[in-house]
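Below are some comments on the model, set out as numbered points. They begin with a detail of the backbone and then move outward to the chains and their contacts.

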Amino acid sequence: MFGEEGLLNELLVERFNYCVYVVLLLIGLYAMIAKNNLIKKLIGMSIFQTAIILFYVSIGVKEGATIPIYLAEHDPHGHHAEHIVHLDEANTIDVSEENATPLRLSHEQDHGHHAPRSLTDEETLGYANPLPHVLMLTAIVVGVATLGVALALTQRIYRAYGTIEEDAVLAAIQAEDAATVIPDVLATKPKAKKG
Amino acid sequence: MKKVALAVTLFIGALLLYAAKDFSVWGHLQSPASASPVSKHFIADTGVDTEVPNMVTAVLADYRGFDTMFETVVIFIAGIAIIAILRRTGADADSPAIQRESDVVAEPDLIVTNTVRLLIPVIQLFAFYVLAHGHVSPGGGFQGGVIMGASFILVALAWDLPKALDRLSVDRAIMLAGVGILIYAGIGLFSMLLGGEFLDYAELSHVLPVSREMARYHAMLGVEIGVAFTVTTVMFAIYANLSTRGRLEGGL
Amino acid sequence: MTGLALFNLFILVFMVVAAVISLRVKDLLTASVVFGIYSFLMCLLWAEMGAVDVAFTEAAVGAGVSAVFLVATVFNVKRSSSD
């Protein structure tokens, strides 16, 4: 059952994280449909959203890769390590005038004009994929702003109907509709749902 | 209803799990997302193009700068929408039946206020650090802005909202949020005036005493500051309206 | 099983538990706070995946500000929920 080619091996061992994201997404989806309280629905929506964000970030993961910030040896400004080597060489080799001057010159050149180089394909494998991170970073911040809008709407519903339970709100809307005379063209009432 | 929801949920779950076995193995180096030339280009050439060590910041503020600008606009619009939704007109006052449980006014707690007094400078300094070091370490305009906004929210939580509004009123907050977007768009327009495309920061090297790469580096800090302005003020404006049902008085 | 994989498993299990608790508990204030815990666990998961910027954002936004927004709303509406 857990053999090399089995379905369970494929799902639970090699792609365990994806399965958990599916579970989280389903928890959020179920809460959005079945919960009666509007704030519970919003928490469900946030869980749904974060499950998708988790999935997106996960496709950028690489085995054995580091975070997407250049290591010292690839850092466009990180020539300090090389400088130390140069200085050590300068100290161990005799520090005569003609030797020290060109060294100092090259040192200054490094500061004035350094040339960062493009990474090879082999080296790019050492860094996690930054693109999903960027897309999801903004999605999180926009997500909290939209959560704020949804919470404001919830407060507005509470101000109007005195409740945030969905069935009670729907009953209040129906009672209002029954009290007002609606022209025939618009006589479509929202159907009450049984929680 | 619950049964229907469960059935729908389980059906979608089965579909997703059926699809999950087609994903590449966790962390595979040659998965489609990681092997694509776009991702490789960002990793290989960010250092050459912009000299920014943090690739995420470079992609966020430079390569995808247009996208980020409008994400900031979305946040700004969300702030305005919340104020519009919760705004009170004369006939719209609370009915007496809907009073909050927390309407009893309490004195600010001595221990809490003194602790917050010590914490706020540290939080704000950290926010500036996160903003300014977004290029070389995790951080940037969004994170620094949220931390800065949280320091204002902390004042409102420890004392009451008017004390925080003395420091940053909601009107001024929305104005500063607009200023943030104007800083962002202004840098974009300025690089357009200098002969490049919109948000092509390299053209700023005509006015800055640096190379084209370093001009992109410094312009990124500029747009991150714009983002931080918007995020800080919108986060605080959202909290101020949500915590008081739009009345902007009293504590939480 | 390596230490990192164990850490991963531990967080994923706790995330599912936190999500279920925050949706099942009847007190909305508890639900908001448990949702903050859920966000923080997710932040740890992202730090483990190497997405440090995303983790940082989630720590500030998800665990901090969005939990505060939820608490602020819960205090302004009813604290108890029917389900």
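1. B:Leu199 counts as buried, because 23 C-beta neighbours lie inside 10 Å and the cut-off for burial is 20 or more. The model is a predicted one. B:Leu199 sits in the loop between helix H9 (170–193) and H10 of chain B. Although B:Leu199 is not a glycine, its phi is positive, at about 65°. Anyone checking backbone torsions will find this residue on the list.

2. B:Glu51 is another non-glycine residue with a positive phi, in this case near 60°. Its place is in the loop between H3 and H4 of chain B. Is B:Glu51 buried or exposed? B:Glu51 is buried, since 22 other C-beta atoms lie within 10 Å and 20 would be enough.

3. Chain B as a whole is built from 10 helices and 0 strands. Read from the N terminus, its elements run α-α-α-α-α-α-α-α-α-α. The radius of gyration is 23 Å, whereas the globule rule gives 18 Å for 252 residues, so chain B is more spread out than a compact globule. Along the principal axes, the C-alpha atoms of chain B fill a box of roughly 60 × 60 × 40 Å. Of the 252 residues in chain B, 43% count as buried. Taking the contacts in chain B with a separation of 6 or more, 70% join residues 24 or more positions apart.

4. On confidence, chain B averages a pLDDT of 86, and 92% of its residues score at least 70. Where in chain B is confidence lowest, and where is it highest? The lowest mean, 82, belongs to H2(B), and the highest, 93, to helix H6 (residues 110–132) of chain B. For chain C the mean pLDDT is 89, with 99% of the residues at 70 or more. For the complex, the predictor gives an ipTM of 0.92 and a pTM of 0.84.

5. H6(B) can be checked for length. With 23 residues at 1.5 Å each, H6(B) should span 33 Å, and its end C-alpha atoms are 34 Å apart, which agrees. There is nevertheless a kink of about 30° at B:Leu119, shortly before the proline B:Pro121. Further along H6(B), B:Ala127, B:Val130 and B:Leu131 are buried. An α-helix has 3.6 residues a turn, so residues three or four places apart point the same way. The cover over the buried residues of H6(B) includes helix H7 (141–158) and H10 of chain B.

6. The length check can be repeated in chain A. Helix H7 (residues 130–161) of chain A has 32 residues, which at 1.5 Å a residue should span 46 Å; the end C-alpha atoms are 46 Å apart, in agreement. Just after H7(A), A:Gly162 takes a positive phi of about 75°.

7. How many residues of chain B are in contact with chain A? The contact involves 57 residues of chain B and 59 residues of chain A. On the chain B side, the elements that give two or more residues are helix H1 (2–20), helix H2 (32–35), helix H3 (37–50), helix H4 (55–63), helix H5 (65–86) and helix H10 (212–243). H1(B) supplies the largest share of that side, 10 residues. By class, the side of chain B that touches chain A has 37 nonpolar, 11 polar and 9 charged residues.

8. Chain B also touches chain C, in a contact that takes 19 residues from chain B and 15 residues from chain C. The chain C side has 9 nonpolar, 4 polar and 2 charged residues.

9. A last residue to look at is C:Met15, which lies in helix H1 (residues 3–24) of chain C. C:Met15 counts as buried, because it has 27 C-beta neighbours inside 10 Å. Leaving aside neighbours within four places in sequence, C:Met15 is in contact with A:Leu24, C:Tyr38, C:Leu41 and C:Met42. C:Met15 and C:Phe35 are 20 residues apart in sequence, with a C-alpha to C-alpha distance of 9.6 Å.

How values were computed:
Residues are numbered from 1 along each chain as its sequence is written. Chains are lettered from A and ligands numbered from 1 in the order in which they are written. This is a predicted model: local features need pLDDT of at least 70, side-chain atom pairs count only at pLDDT 80 or more; totals for chains, interfaces and linings use all residues. Two residues are in contact if their C-beta atoms, placed from the backbone, lie within 7 Å. Helices (H or I, at least four residues) and strands (E, at least two) are DSSP runs, numbered from the N terminus. Ala, Val, Leu, Ile, Met, Phe, Trp, Tyr, Cys and Pro count as nonpolar, Asp, Glu, Lys and Arg as charged, and the others, Gly among them, as polar. The radius of gyration is taken over C-alpha atoms; the globule rule is 2.2 Å times the number of residues to the power 0.38. A residue is buried if 20 or more other C-beta atoms lie within 10 Å of its own, exposed if 12 or fewer, and partly exposed in between; C-beta atoms are placed from the backbone. The expected span of a helix is 1.5 Å times one less than its number of residues. pLDDT is the predictor's confidence in each residue, from 0 to 100. The bend at a residue is the angle between axes fitted to the seven residues ending there and the seven starting there.
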